[in-house]
Amino acid sequence: MDWLMDPTAWAGLLTLIVLEIVLGVDNLVFIAILAEKLPPNQRDKARIIGLSLALVMRLALLSAISWLSTLTRPLFDVAGFSFSGRDLILLIGGLFLLFKATLELHERLEGAEHSHADKKVHAGFWLVIMQIVLLDAVFSLDSVITAVGMVDDLSLMMTAVVIAVAVMLFASKPLTRFVGQHPTVVVLCLSFLLMIGLSLVADGFGFHIPKGYLYAAIGFSIMIEMFNQVARRNAIKHAAHRPMRARTADAILTMLGGRRAASGDGGTGHDSPQPPAPPTFAAQERNMVSGVLKLADRSVRSIMTPRSEVSWVDMTASPEVVRQQILETPHSYFPVCRQHFDDVAGSARAKDLLRMLTDNGRIDVASLRPPIYVHESIGTLELIEVLRRARGQLVFVTDEYGTVLGVVTPIDVLEAIAGEFPDEDETPTIQPAGDGRWLIDGTADVHHVEQVLGVSLAAGEDDGDYSSLAGFLLTRFAELPTPGKTLDYRGYRFTVQGVTDNRISTVEVRHLATAGETSIPDGGS
């Protein structure tokens, strides 16, 4: 124990401890992967037994240094290669490591589809221990040879090995837990084992690969994975800031088989090597569930009929004009106004208006139902209560200046859930044109467009507020576009076809993948 008073010996001890820990990382990664295959209540026991056996094996090899030196003597030659006992051990260990890592990769990737449907089957405890012992022999041989080459004192070697294994034992549980919680880390560790197995096989054939190259590659990969884990954690934190209602809706829609609207792949992803299973729920069913779940988060402006599309009766017009308008319009309820839409006198059913014109030759204001107004900021659920109290009557939506923005009826709420119900004088706002093309009215509900295209067009925090396809395009263009102006967005090309009265009236949407074209994401021209 004279080395206790020798500073040089202490420096050698510290250096050897660091090297032993670094060399033990291979063993630690392998034990962590094998322990993860056991039931949770047996993993700690397997780790302790595995590392304890590694310690015993290394101390035993150190005690037999004279025998260890004989392992480097050539035993036989094959095709110009000389093989010693050490070479054979490294060669067998390397091949086993390559076999085991490849088998584990296949099981975790190709066998992933079965792990969700069936109960997980755990490996046998002693089978795992046998595999750990086999690889302990290979890793211990490498570790002991390093120790013999570093220092001369046997007690110094044993002290370094004991301290290194103690550090590994302390770090093994957090490493096993982390590996079990992150599948990508498991695949990365198996890739490390493939690299290590290759280096052992090369050593067995006499081609020495410097360990520094391997550890540099492993260290770089760990650093990149660390950045990935930090980015994933930040994404989870960001998602947690979304309302619970929105997260619940996305989760339910995902279970129903629909794509997340936020993903916005636009159908441009790569083909799966296997045909996807048919969805459990039809698209119409998913859209209806989506409409119900997201109804409370929608603004009244997104479901109302805008004033430009409202059919209203001018009570100051001649009875003949009013009667002709009522007969030609397939609506059963009308707003009644004085000369312009902002001067609302009330509302009435078509048959009541016709009776007034027949009996009195004019519309009697006292016989009209008084108008019901709601502010545009009202919640959709509150609006439903207002409509329930209105008993089928129209509800007028106004802004903070009192300007009437549009009207809402129970049919509008139903359309927000189940899609459009066009009247006889209306055409659907979204018309398929074949070959991945649609002709869409600028006033089309942006939520309905999202359901048809399968991408997210909803307004973000910095996009302002819009509820129609025209609003989405105006936000992207930042000005009123001219006909022919295009926008490429998440695999689709939006082409403005018509502009009427300072608004986008018609838009052609083309699926670029179907058309065989490419685009710059979110790019306009």
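## The loop that holds Ala478

Ala478 sits in the loop between helix H18 (469-477) and strand E12. The model you are looking at is a predicted one. In this model, the phi angle of Ala478 is near 65°, a positive value in a residue other than glycine. Is Ala478 buried or exposed? Ala478 has a relative accessible area of 69%, and a residue counts as exposed when that value is over 50%, so Ala478 is exposed.

Gln339 makes a good companion to look at next. Gln339 is found in the loop between E5 and E6, and its phi is near 70°, again a positive value in a residue other than glycine. With a relative accessibility of 60%, Gln339 counts as exposed.

## Two hairpins in a row

Now follow the chain into E12. Strand E12 (residues 486-489) pairs with strand E13 (residues 492-500) in the antiparallel sense, over four bridges. To find the pairing on the structure, start at Tyr489, whose bridge partner in E13 is Tyr492. The hairpin of E12 and E13 has two residues between the strands, and Arg490 there takes a positive phi near 50°.

E13 also pairs with strand E14 (residues 503-511), in the antiparallel sense and over eight bridges. Which residue in E14 is the bridge partner of Tyr492? That partner is His511. Tyr492 is therefore a handy landmark: its bridge partner is Tyr489 on the E12 side and His511 on the E14 side. E13 and E14 form a hairpin too, with two residues between them, and Asp501 in the turn has a positive phi of about 50°.

As you trace these strands, keep one rule in mind: in a regular strand the side chains alternate between the two faces of the sheet.

## A sheet of three strands

Go back along the chain to an open sheet of three strands, with the order E4-E5-E6 and mixed pairing. Strand E4 (313-314) and strand E6 (340-349) stand at the edges; each has a single partner strand, so one side of each is left without a neighbour in the sheet.

E4 and strand E5 (residues 333-338) run parallel and are joined by two bridges. Look for Asp314, which stands opposite Cys337 in E5. Helix H14 lies across E4, E5 and E6, and runs at about 95° to E6.

## Where two helices meet

H14 has a helix partner as well. The axes of helix H13 (residues 319-328) and helix H14 (residues 350-360) come within 10 Å and cross at roughly 155°. Angles over 145 degrees count as roughly antiparallel, and H13 and H14 are therefore roughly antiparallel to each other. H13 passes H14 in a left-handed crossing.

Which residues meet here? From H13 come Pro319, Val322, Arg323, Ile326 and Leu327, and they meet Ala350, Leu353, Leu354, Leu357 and Thr358 in H14. Sorted by class, this contact has eight nonpolar residues, one polar and one charged.

## A sheet of four strands

Another open sheet has four strands, in the order E3-E9-E8-E7, and its pairing is mixed. Its edge strands are strand E3 (305-306) and strand E7 (373-375), each of which pairs on one side only.

Strand E8 (residues 395-398) and strand E9 (residues 404-408) run antiparallel and are joined by four bridges. Here Thr398 stands opposite Val404 in E9. This sheet has a helix across it too: helix H15 (residues 380-390) lies across E7, E8 and E9, running at about 145° to E8.

## A buried serine

Ser302 has its place in helix H12 (residues 300-303). Why does Ser302 count as buried? Its relative accessibility is 9%, and buried means under 20%, so Ser302 counts as buried. Leaving aside its neighbours within four places in sequence, Ser302 is in contact with Asp445 and Ser467.

## The whole chain

Finally, step back and take in the full picture. The chain has 19 helices and 15 strands. Of its 525 residues, buried residues make up 39%.

How much of the contact in the chain, at a separation of 6 or more, comes from residues 24 or more positions apart? Such residues account for 62% of those contacts.

Definitions and conventions
Residues are numbered from 1 along each chain as its sequence is written. This is a predicted model: local features need pLDDT of at least 70, side-chain atom pairs count only at pLDDT 80 or more; totals for chains, interfaces and linings use all residues. Side-chain values use heavy atoms; hydrogens and water are left out. Axes are lines fitted to C-alpha atoms, for helices over the stretch in contact, and angles run from 0 to 180 degrees between N-to-C directions. Angles under 35 degrees count as roughly parallel, over 145 as roughly antiparallel, 65 to 115 as roughly perpendicular and the rest as oblique. A crossing is left-handed if the near helix is turned anticlockwise from the far one by less than a right angle, and right-handed if clockwise. Contact means heavy atoms within 4.5 Å. Ala, Val, Leu, Ile, Met, Phe, Trp, Tyr, Cys and Pro count as nonpolar, Asp, Glu, Lys and Arg as charged, and the others, Gly among them, as polar. Two strands pair if DSSP finds at least two bridges between them. Buried means under 20% relative accessible area, exposed over 50%, partly exposed in between (1.4 Å probe, protein chains only).
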